[in-house]
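User: I'd like to go through this model with you before I get back to the bench. Could you start with the strands and then move outwards?

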Amino acid sequence: MDHSKAAEIFNKDKARTKWHDETLWMVREKRDKAAHSVPDWEKLREAASNIKSHTLSNLDEYLKTFEDKAKKNGITVHWAADAHDHNEIVYSIIRSNNIQKIVKSKSMLTEECHMNEFMASKGIDVIDTDLGERIVQFRKEHPSHIVMPAIHLKREDVGETFHQHLGTEKGATDPQYLTEAARQHLRDKFIASELAITGVNFAIAETGGFVVCTNEGNADMGAHLASIHIACMGIEKIIPKMEHLGVFLRLLARSATGQPITTYSSHFHKPRPNQQMHIVIVDNGRSVQLGRPDFRNSLKCIRCAACFNTCPVYRRSGGHSYHNAVAGPIGSILAPNLNMRENADLPFASTLCGSCTNVCPVKIDLHDQLWKWRQVLMKEGYGSLSKKTGMKMMTTVLSNPGIYNFMGKLGRGVLRTIPWIAKSKMLNPWYKHREMPVARGSFKEWYVGRRGNR
Amino acid sequence: MKVALFIPCYVDQFYPQVGISTLELLERLGCEVEFPIKQTCCGQPMANAGFAASSKACDLNFKENFSGFDYIVCPSGSCVLHIKEHLQPASDPAVAKIRSNIYELTEFLTDVLKVENLTASFSHKVGLHISCHGQRGLHLSSMSELMLPSFSKPAKLLGMVKGLELATLTRKDECCGFGGTFCVTEEAVSVAMGQDRVDDHINKGVEYITGGDMSCLMHLEGILRRQKSNVKVVHIAEILNSRN
């Protein structure tokens, strides 16, 4: 289902849409407040953007340095060309160690690779330990937001889900009660776990270590209790030096939720005695994106989701309408790189208002890239025939003064004399919820008349 | 000062009074204004739909109409931004000239004519809808996302209008959801966004919603009229040119 259709369904429940919009707008306001508290916020964004641009321009070198250092630290490094490779690598580690019990903290990369489904097809159950992710996992849904995976759900929904899966009281909505139930449930999973999968927020080339940011501490719980830790990262997660980390940590949580910093910024450098530590470095289309000059800097993204929270379209259509692991404006510029045909709708799910570009902590020109993707997609033939024909006709009318004048007059005449043509809700989507403008004659005619009278 | 008046196609066709007000206002402020008669459209509707490459004929027609003036002024931030960023071929000196001397009306008044007072009078409570392309594209006002000093060229001008009371909105610069073809291709979200903007203004008790882009106002007007609201839309040029 394309974004527009999914958004139409989402908007059928007006009260819920309003609630979704207001909830996320509140997060945007928290972000504003947090950003205001940092003197030179704009300079910090500039610094982050420059570090990322530099890194992308030297990515091969930094990746090699990172691999070297990580290996020296005793970490096993794997390279995955695509999602399938990634899943197979993780699976082979699981199988060769004869593992049954697996916990995972939040990793959008594993979502992107559809790892849980892959493992399920092999009969392996992966327990998501991020509270929001566990909720959507119970419901057999996907995260609707990369930072707040269950933001589309109300506490009543969570209560019902926990009642079904955790045996909490029916009708319970108290957040503390529900969270406690999840906590006890997850505690058991952590203690029993043999293998922990985490994402990576930042991988530091200089040290060969990596940093995982969470608010729930679930990455630590998983990694510290299990005897195997697999960290999955996209190739763009590299930063050159430890001294750069502070720039990103200051920006990340403020942009994401308005917190000064995530509750946990967990640094991993080497395995504990008798622990295995693996890093899977995944390309999955990123090097192709790196080769597209107009779109390469989308790889600067640090997954804060500030662009989601500020996007007036995201807030009123929900994450699932973007049919991708990463939704919102950033998802809409990343997804066409992976599959143009399936994601041709996404760059059009925007008014190009530009708010995303302004909140982006690493200064990705999101709305310009949305515009540029539209051009690429139409050029590559992913527009419908009716759209192409319509645009051709429109260009003819709008570039030819004679036809333009005639059609304008005709159109206004039609609106005046047979208004039902425009007032068909089926033929004219505008008219479903909006009146047509009143035709009052054209400026050009007035101007010609005035000039004639002078 | 020879000024070419660029009137967006939909303003020409549906809102002639906006063109008239812009023309009269510029003339009263001492500009010699000409309306190149064969102008049509800037090509933005096609470009935003992904067909910039096939709107060459629009670009050519625009160039033919608007070359040779000191300034080009237009009562729409969106159309001006499109010309500034996308009029092709950019390597053509005539095109480069057009890109650099085209101005949105309010920025022309504040930055070029350096208007410090107006004789306009409009005794109503007014809400100012900030249109995104004028704001985030042309920087007509500061943006709520950026941690930079605040300013507003349109609000500064409205402050010179006798009797006008400007409302403070809850969401100062949220998009109205018009978005060109977005308003029909993403009808549901477009209307939801428009409804929320309209409600913000109505909740502040405004009689009029004004702004620099008639396209946004047309969208908001469509929603207001469907609901039989008493709140009206009025382009900022009409207020700045008002003499009642």
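**Strands, domains and contacts**

Analyst: In chain B, strand 5 (residues 125-129) and strand 6 pair in the parallel sense over two bridges; strands, like helices, are DSSP runs numbered from the N terminus (H or I, at least four residues, for helices; E, at least two, for strands), and two strands pair if DSSP finds at least two bridges between them. This is a predicted model, in which local features need pLDDT of at least 70 and side-chain atom pairs count only at pLDDT 80 or more, while totals for chains, interfaces and linings use all residues. Residues are numbered from 1 along each chain as its sequence is written, and chains are lettered from A and ligands numbered from 1 in the order in which they are written.

User: Which residue is the bridge partner of Val126(B) in strand 6 of chain B?

Analyst: That partner is Leu166(B).

User: And what order do the strands of that open sheet have?

Analyst: The order is 6-5-7-8 in chain B, an open sheet of four strands with parallel pairing. Strand 6 (165-166) and strand 8 (232-235) each have a single partner strand, so one side of each is left without a neighbour in the sheet.

User: Switching topic, how is chain B divided into domains?

Analyst: Chain B has domain 1 (2-112) and domain 2 (125-240), with bounds that come from an automatic or database domain assignment. The C-alpha centres of these two domains of chain B lie 21 Å apart.

User: How many residues of each are in contact?

Analyst: In chain B, 25 residues of domain 1 are in contact with 22 residues of domain 2, where contact requires C-beta atoms, placed from the backbone, to lie within 7 Å. The domain 1 side divides into 13 nonpolar, ten polar and two charged residues, counting Ala, Val, Leu, Ile, Met, Phe, Trp, Tyr, Cys and Pro as nonpolar, Asp, Glu, Lys and Arg as charged, and the others, Gly among them, as polar.

User: What about chain A and chain B, how many residues does each give to the contact?

Analyst: Chain A gives 55 residues and chain B gives 58 residues. On the side of chain A that touches chain B, the largest share, six residues, comes from helix 19 (residues 366-379) of chain A.

User: Last one, what does Ile72(B) touch?

Analyst: Leaving out residues up to four places away in sequence, Ile72(B) touches Ala4(B), Phe6(B), Phe66(B), Ile98(B), Asn101(B), Ile102(B) and Tyr103(B).

How values were computed. Two residues are in contact if their C-beta atoms, placed from the backbone, lie within 7 Å.
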